[in-house]
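The report below examines how helices and strands are arranged in one protein chain. Please keep the sequence and the structure in view while reading.

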Amino acid sequence: MKLKNRLIISFFIITIVPVLIFSTLMLTIRSLVQDAAERQIITNEFVHAVKNYMDDSGKFNELVVSFCIAELIILILTAVIMIVWIYRGIAPQLKTLKAAANNVKEGNLDFSVASTGKDEMSELCNAFEDMRVRLKNNAKDRLEDEAEQRALISNIAHDLKTPITAIKGYAEGMLDGVADTPEKREKYIRTIYNKANEMNTLINELTLYSNIDTNKIPYNFQKLNLHAYFSDCIEELGMDLENQHIRLDYANFVDPDVLIIADPEQLGRIIHNIVSNSVKYMRADVASKIAITIKDVGDFVQVEIADNGKGIATRDLPYVFDRFYRADTSRNSAAGGSGIGLSIVKKIVEDHGGKIWVTSKENEGTTMYFVIRKYTEVAYE
């Protein structure tokens with residue numbers, strides 16, 4: 001039943017029923033008093049007074065009618081005022097909610113039903129507004145996720161073409177006999193191997209990206225001796241960079257006994273991703289160099305990875321950790337990649353309780369900073 005019909009029925013109940021009850025009650029009292037007087041149940045004085053009044057039935061009936069009319073008018077006015085007040089307080093908000101529900105049904109979430117009132121209908125409107133905002137945010141997030149997925153597929157597909165084309169070219173060269181000396185064959189095979197490694201890196205990034213999106217990175221946190229861990233890491237990096245004719249400088253200013261809590265594999269991924277990013281954007285006109293410095297900064301250790309590469313423009317610095325953002329819009333093969341390497345680094349650092357930031361100057365180089373909390377017995381007991 002509609003609210004309007006309910007209010008009309010309530011109006012008649014409020015106005016008619018009390019009058020009927022009052023009339024019935026007065027007639028019943030009259031009958032009871034007459035009966036009591038006849039049976040001498042009440043005092044003679046009261047009997048005579050009531051009987052005299054009751055005997056004048058016309059006067060009594062006139063009083064009852066007058067009282068009923070007065071009561072009916074008062075009740076009608078009261079009911080009208082109450083019903084109008086209630087209806088005006090509820091109906092407009094119900095219409096607003098109905099229009100809002102139709103908008104949601106049609107997929108339109110660009111409206112507002114927020115209310116500043118303190119009544120239940122205002123609370124209902126505000127709850128609906130909260131739902132609308134959440135639905136709109138979810139829709140926006142879903143569109144962004146779909147756009148990111150498309151960008152990821154496009155980036156991976158684009159970047160896989162380069163190594164695949166190179167592998168095919170060198171393999172065909174070997175099949176056609178172009179590599180007719182042991183040196184050429186070794187060069188071709190090494191190139192094929194390196195390109196296969198590039199493909200493997202891209203696929204690993206894709207897998208890790210999927211895990212990041214679902215918060216399923218398989219962390220294995222351990223107590224690590226900072227000096228021992230970075231000594232091994234620098235030794236491995238040094239060999240790779242030496243083969244690419246890049247100098248690696250390393251300095252550790254932290255106490256040899258300092259421990260950190262970290263996942264050794266994921267911490268290694270942070271360092272390798274940052275270094276790989278530096279290698280992609282090295283300058284050809286200077287001797288390439290990467291410097292890794294570790295400092296003690298109170299409750300944290302700070303790792304700095306600096307290069308003397310092309311650098312990053314000031315306008316691009318706020319976005320370097322965004323997914324798929326690349327300052328190199330040309331996407332040339334020398335600076336390939338999925339565009340999610342630094343976003344992965346940021347996620348892993350934050351999951352370790354640290355933070356990461358960057359400074360850079362064009363044609364001078366870039367420095368990446370990240371901090372990892374030290375291990376202390378008090379903090380981890």
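In this predicted model, helix α7 passes helix α8 in a left-handed crossing. Their axes come within 9 Å and cross at roughly 150 degrees. Angles over 145 degrees count as roughly antiparallel, and α7 and α8 are therefore roughly antiparallel to each other. On the side of α7, the contact is made by Gln266, Arg269, Ile270, Asn273, Ile274 and Asn277. Helix α8 contributes Gly341, Leu342, Ile344, Val345, Ile348 and Val349. Sorted by class, the residues of this contact are seven nonpolar, four polar and one charged.

**The sheet**

How are the strands ordered in the open sheet? Its five strands follow the order β2-β4-β5-β7-β6, and their pairing is mixed. Strands β2 and β6 form the edges, each pairing on one side only. On average, neighbouring strands of the sheet are turned by 15 degrees against each other, with direction ignored. In general, strands of a sheet pair through backbone hydrogen bonds, either parallel or antiparallel. Strands β4 and β5 pair in the antiparallel sense, over eight bridges. Within this pair, Val297 stands opposite Phe300 in β5.

**Helices across the sheet**

Two helices lie across strands of the sheet, as the table shows.

| Helix | Residues | Strands crossed | Angle |
|---|---|---|---|
| α6 | 226-243 | β2, β4 and β5 | about 170 degrees to β2 |
| α7 | 264-280 | β4, β5, β6 and β7 | about 175 degrees to β7 |

Helix α7 thus appears in two settings: it lies across β4, β5, β6 and β7, and it also makes a contact with α8.

**A residue of strand β5**

Is Ile305 buried or exposed? This residue lies in strand β5. Buried means under 20% relative accessible area; Ile305 has 1% relative accessibility and therefore counts as buried. Leaving aside neighbours within four places in sequence, Ile305 is in contact with Ile271, Ile274, Val275, Ile290, Ala291, Ile292, Thr366, Thr367, Met368 and Phe370. One of these residues, Ile274, also belongs to the contact of α7 with α8. Ile305 can further be related to Tyr250: the two are 55 residues apart in sequence, and their C-alpha atoms are 9.4 Å apart in space.

Methods:
Residues numbered from 1 in each chain as written. Predicted model: local features only at pLDDT ≥ 70, side-chain atom pairs only at ≥ 80, totals over all residues. Heavy atoms only, no water. Pairing = 2+ DSSP bridges. Helix = DSSP H or I, 4+ residues; strand = E, 2+ residues; numbered from the N terminus. Axes fitted to C-alpha atoms, helices over the stretch in contact; angles between N-to-C directions. Contact = heavy atoms within 4.5 Å. Parallel < 35°, antiparallel > 145°, perpendicular 65-115°, else oblique. Left-handed = near helix turned anticlockwise from the far one by under 90°. Nonpolar A, V, L, I, M, F, W, Y, C, P; charged D, E, K, R; others polar. Buried < 20%, exposed > 50% of the residue type's maximum accessible area, 1.4 Å probe, protein only.
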